[in-house]
Structure formats: structure tokens, C-alpha cells
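Hi everyone, thanks for having me. Please pull up the structure on your screens, and I'll walk you through a few places in it.

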Amino acid sequence: MSNIEKSYIDSLLELLDERKYTAFMHEIDEINPIDAAEFFEFLPKERIPIVFRLLKKDTASEIFAELDSDLQEQIIKAMSDREVSSMLEELYTDDVIDMLEEMPAGVVKRIMKAATPEIREEINRFLAYPEKSAGSVMTSEFIDLHKNMTCDEAVKRIRKIGLDKETVYVAYVTDQARVLEGVVQLKQLLFAEPEYIIGDIMETNLPFAYTHDDRESVANMISHYDIIALPIVDKEKRLVGIVTVDDALDVLETEATEDIEKMAAILPTDKPYLKTGIFETWKKRIPWLLLLMISATFTSAIIQGYEAAIGTYAILTAFFPMLMDTGGNAGGQTSVTIIRGLSLGEIEPRDVLRVLGKEICVGAFCGITLAAATFLKVMALDFRFQQYTIQDNGLVQDNLLIAAIISITVFFAIMIAKTVGTLLPLGAKKIGLDPAVMASPFITTIVDTITLMIYFTIASSFLPF
């Protein structure tokens with residue numbers, strides 16, 4: 001549950017109980033803010049605001065940024081307006097925005113009221129960016145330089161303003177209008193001659209993104225270029241913020257969680273499982289369950305349409321689960337692979353013919369292999385190698401023919417599943433939908449319906465009714 005040992009947590013609690021506050025603050029200063037935030041989860045709720053007030057200003061802000069939203073809300077409510085204002089000055093802008101997005105409207109109103117005009121203006125500017133855009137996750141705490149500076153002047157500027165910045169390892173070069181011109185690594189500055197000019201050593205061919213770009217694509221850019229921060233510019237290419245690698249990791253985790261929930265036919269939620277209420281969980285799950293249940297009526301309709309065939313050859317019903325599961329599994333494999341490729345930028349909708357051709361070839365190999373295995377399984381386990389079976393109605397049942405029908409159905413079910421599993425995610429991406437919506441549950445329902453239609457069509461063609 002926690003990265004810090006229980007014995008250490010007990011020792012911190014003991015220091016508080018014995019009112020050894022100086023020793024407690026020293027211990028908290030020595031551990032990672034994330035671990036310190038976990039320690040606060042072990043405190044009784046009524047003690048959290050009191051203990052938080054013991055912390056140093058900078059330590060408190062670092063820990064506050066790592067706390068869960070419910071603990072942040074509790075601390076904010078216990079603070080005076082002056083304390084809230086002081087806290088906002090210590091927090092990075094992106095952490096403030098993340099906090100405000102999780103807070104109730106009443107708490108947000110109080111925070112905005114306590115903020116200084118400058119902070120309030122900056123918060124409003126960030127909140128104006130669309131949800132899930134690069135602007136909504138960037139921070140404005142970055143180091144900017146001018147190309148006419150010397151390396152010595154640049155290092156002095158970093159020492160002067162770098163303490164309050166998100167990162168000091170990269171500095172961005174802008175002109176008088178704040179237009180992005182290049183980037184300089186701290187390593188370059190440290191090893192360059194003091195009199196060198198920034199414009200001579202800066203990199204001008206640097207990746208960047210716009211404020212309205214999708215945050216997931218920005219996170220993928222950071223991963224692709226293996227950088228610690230990506231500059232974010234407006235339409236005039238003026239530098240307005242950066243997205244750092246830690247924020248990119250949070251975005252990728254959030255997006256991956258959303259995709260997993262969508263692929264499991266659940267509406268995404270931004271709360272941890274244990275902190276999501278029963279009613280809220282029900283609301284997230286029931287829409288897709290209703291939709292899938294309604295769509296499954298097509299399967300029932302097909303079965304009802306072939307009652308005569310089922311009545312004559314009841315053995316056909318025994319293979320429904322195997323056929324439907326095989327098709328659903330094959331479609332699920334393909335859809336997950338395609339969705340992952342789309343998410344990582346490995347596949348684009350324009351690659352549809354190449355992807356479909358590959359999946360059809362894979363489907364053919366899988367279909368032939370499984371069809372052969374199915375034939376052997378049906379004859380060996382279900383019919384015990386008996387070619388004919390006499391039914392109660394006196395009809396002679398050709399077991400070899402039925403095994404062949406089932407095997408042929410398996411082949412076509414896999415081919416159809418691979419095709420559907422390829423086209424649906426790519427089609428969703430093409431029209432601007434999240435490909436994860438077209439995942440296993442949805443594809444399985446479609447493939448089940450088509451598989452039964454193929455099954456009964458082949459059976460009707462070869463079996464006498």
C-alpha cells in the first residue's frame with residue numbers, strides 16, 4: 001500500500017504523540033514529498049490540518065501537491081485566506097490547476113478569492129484552455145533566455161530565477177515578443193566558455209506543440225524525442241509554457257486507464273476505485289451494459305429464425321459457445337493490437353489497406369489451424385470418432401459432415417473477426433472517435449451475430465431438414 005515502512009510511519013506518529021515537533025519536521029524534510037504525502041493518509045482526519053501547519057513553507061507546498069484531492073480539500077478548508085494565498089504562491093501553476101479541477105465549486109471560489117490578482121489571472125488563463133489539451137497540463141514556470149546573452153549571463157539568470165521553476169535542465173530562447181527561437185541544455189552552459197553567445201550554441205531545430213494540441217499526443221512526443229520537457233506555444237509561436245516529463249507520465253497513465261475502461265465497456269472515471277461510490281460506479285457501467293444487451297437481441301433473433309434446424313439437429317446448439325468465443329477472442333486480439341498501434345502513433349487510418357491485408361493473412365493462418373484443431377476435437381471428444389449417430393427421431397446424423405460444418409464456421413468466424421477488429425477502430429479514429437470504444441465487448445457482439453448467421457447458413461446448405 002505504501003512505499004514507506006510501517007515502522008517508520010509508527011515512529012513519525014510517535015514523535016507527534018510525544019510532541020517532539022522539531023524532530024518530526026526534520027524527519028519529514030528528509031523523506032520524499034510523495035512518501036510524506038502517503039504518511040498523511042495514515043493520520044486521523046482531524047489531525048491532518050494541525051500537522052500540516054507544522055511544516056516549513058516549501059516542504060508543505062511540495063507535499064500538498066502530492067496529496068489526494070480529498071485531503072487537499074480538507075486542508076484548504078482549515079486554512080485562513082492568507083494561508084491559502086501563501087500556498088498558491090508556492091505551488092506550480094499546473095499543480096494549482098490540477099487541484100482546482102478536483103475541488104467542489106465552493107472551495108474553488110474561496111481559493112480564487114484568496115489568490116493574488118496575478119495568480120488569479122494566470123489561473124483563469126490556464127482554465128480557459130480546452131480539457132485534455134496541452135494548455136491544460138502545461139506549466140508557466142520555465143526558464144527563458146535571449147540569444148544575445150553570454151553563457152555566463154545565462155548561468156547567472158538561472159541561479160537567480162531557477163529555484164521557483166519546474167526544471168532548470170533546459171532553458172528556452174525567445175525574442176522580445178516571446179517567440180520561441182531555440183533551446184539550450186544546462187549541460188551546454190556549464191561546459192561552454194563564459195563568453196560564448198547563447199545564439200551560437202542553442203539548438204533551433206527543436207520539437208514543440210501548440211496549446212490546443214491533444215495532451216496525449218504531447219506526452220507521446222516527449223516519449224518519442226526522449227526529452228524532459230516540451231515547449232508549448234500559441235498560434236503566433238510565442239512560448240507560453242512547457243509540459244514536463246512527470247506531467248507526461250501522468251497524462252499517459254490517465255489516458256491508458258481511460259482506454260482500459262472503454263475497452264471493458266465502462267465509462268471513464270477520474271477517481272480511484274475505492275473512492276468511487278456505488279451509485280457512481282453503477283452509472284459508469286450501466287449504459288454500455290444496456291447497449292450491449294440490446295444489441296445481443298440480434299443473436300436471439302437469429303437463433304429463433306432457425307428453430308427448425310435446431311429442432312432437427314439439437315447437437316448444433318452445443319457448439320454455440322465455442323464458435324462465439326473463438327470469434328470474439330480473435331476480434332479482441334486484433335482490436336487491442338490496432339488500438340495500441342493507433343495510440344502509439346504506429347498506425348494511421350490511411351494505413352487501413354496494409355493493416356487489413358496483414359490481418360487477413362494472419363486470420364487465414366489462424367483460421368486454418370483452428371479449423372483443423374476443431375475438426376479433430378469435435379470428432380475425438382464429442383463424437384468419439386463415430387461417423388454416424390442415430391437420433392431419437394430416427395434421423396441418421398452424419399458426424400463427419402457436422403464436424404466439417406463447425407470447422408468451416410470457425411475459419412470464417414476468425415476471418416470476419418479479424419476484419420471487424422481492424423476496420424472498427426480505424427474507422428472510429430478516422431471520424432474522430434476514441435478507437436478504444438470499438439474494443440472487445442462491442443466487437444464481440446457484432447462477431448457473435450455474424451458467426452451465428454454463417455453457422456446456420458452453412459448448416460442449412462449441407463444438412464437435410
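I'll talk about a threonine, then its partner in a loop, then two unusual backbone angles, a sheet and some helix pairs. Before we start, please keep in mind that this is a predicted model.

Let's begin with T244. You'll find T244 in strand β6, which covers residues 239-244. Is T244 buried or exposed? Its relative accessible area is 3%, and since buried means under 20%, T244 counts as buried.

Now look at the side chain of T244. It has a polar contact with the side chain of D246, at 2.4 Å. The side chain of D247 makes a polar contact with the T244 side chain too, at 3.0 Å. If we set aside the neighbours within four places in sequence, T244 is in contact with E166, I222, I228 and A229.

One of those contacts, I228, deserves a stop of its own. I228 sits in the loop between α15 and β5. With a relative accessible area of 36%, I228 is partly exposed, whereas T244 is buried. Which residues does I228 touch, leaving aside those within four places in sequence? They are T167, Y169, V170, V243, T244 and V245. For a sense of distance, try K57: I228 and K57 are 171 residues apart in sequence, and their C-alpha atoms are 27 Å apart in space.

Stay in that loop for a moment, and find D226. D226 also lies between α15 (215-225) and β5 (229-233). Its phi is positive, about 55°, although D226 is not a glycine. D226 is exposed, with a relative accessible area of 71%.

There is another residue like this to look at, K237. Where is K237? It is in the loop between β5 and β6. The phi of K237 is near 65°, again a positive value in a residue other than glycine. At 33% relative accessibility, K237 is partly exposed.

Next, let's turn to a sheet. Three strands make an open sheet in the order β1-β2-β3, and the pairing is mixed. The edges are taken by β1 (144-145) and β3 (180-185); each has a single partner strand, so one side of each has no neighbour in the sheet. How do β1 and β2 pair, parallel or antiparallel? They pair in the parallel sense, over two bridges, with β2 spanning residues 170-174. To see one bridge for yourself, click on L145: its bridge partner in β2 is V173.

Finally, the helices. Take α7 (residues 81-90) and α9 (residues 105-114): their axes come within 8 Å and cross at roughly 80°. That makes α7 roughly perpendicular to α9. On the α7 side, the contact is made by D81, V84, S85 and L88, and on the α9 side by R110, I111 and A114.

Now compare that with α21 (residues 352-382) and α22 (residues 399-430). Those two helices pack with their axes 8 Å apart, at an angle of about 155°. Why do we call α21 and α22 roughly antiparallel? Because angles over 145 degrees count as roughly antiparallel, and the angle between α21 and α22 is about 155°. The crossing of α21 and α22 is right-handed.

That's my tour. Thanks for listening, and do spend some time turning the model around yourselves.

Technical notes:
Residues numbered from 1 in each chain as written. Predicted model: local features only at pLDDT ≥ 70, side-chain atom pairs only at ≥ 80, totals over all residues. Heavy atoms only, no water. Helix = DSSP H or I, 4+ residues; strand = E, 2+ residues; numbered from the N terminus. Buried < 20%, exposed > 50% of the residue type's maximum accessible area, 1.4 Å probe, protein only. Polar contact = N/O pair within 3.5 Å; in protein donor to acceptor, adjacent residues only side chain to side chain. Contact = heavy atoms within 4.5 Å. Pairing = 2+ DSSP bridges. Axes fitted to C-alpha atoms, helices over the stretch in contact; angles between N-to-C directions. Left-handed = near helix turned anticlockwise from the far one by under 90°. Parallel < 35°, antiparallel > 145°, perpendicular 65-115°, else oblique.
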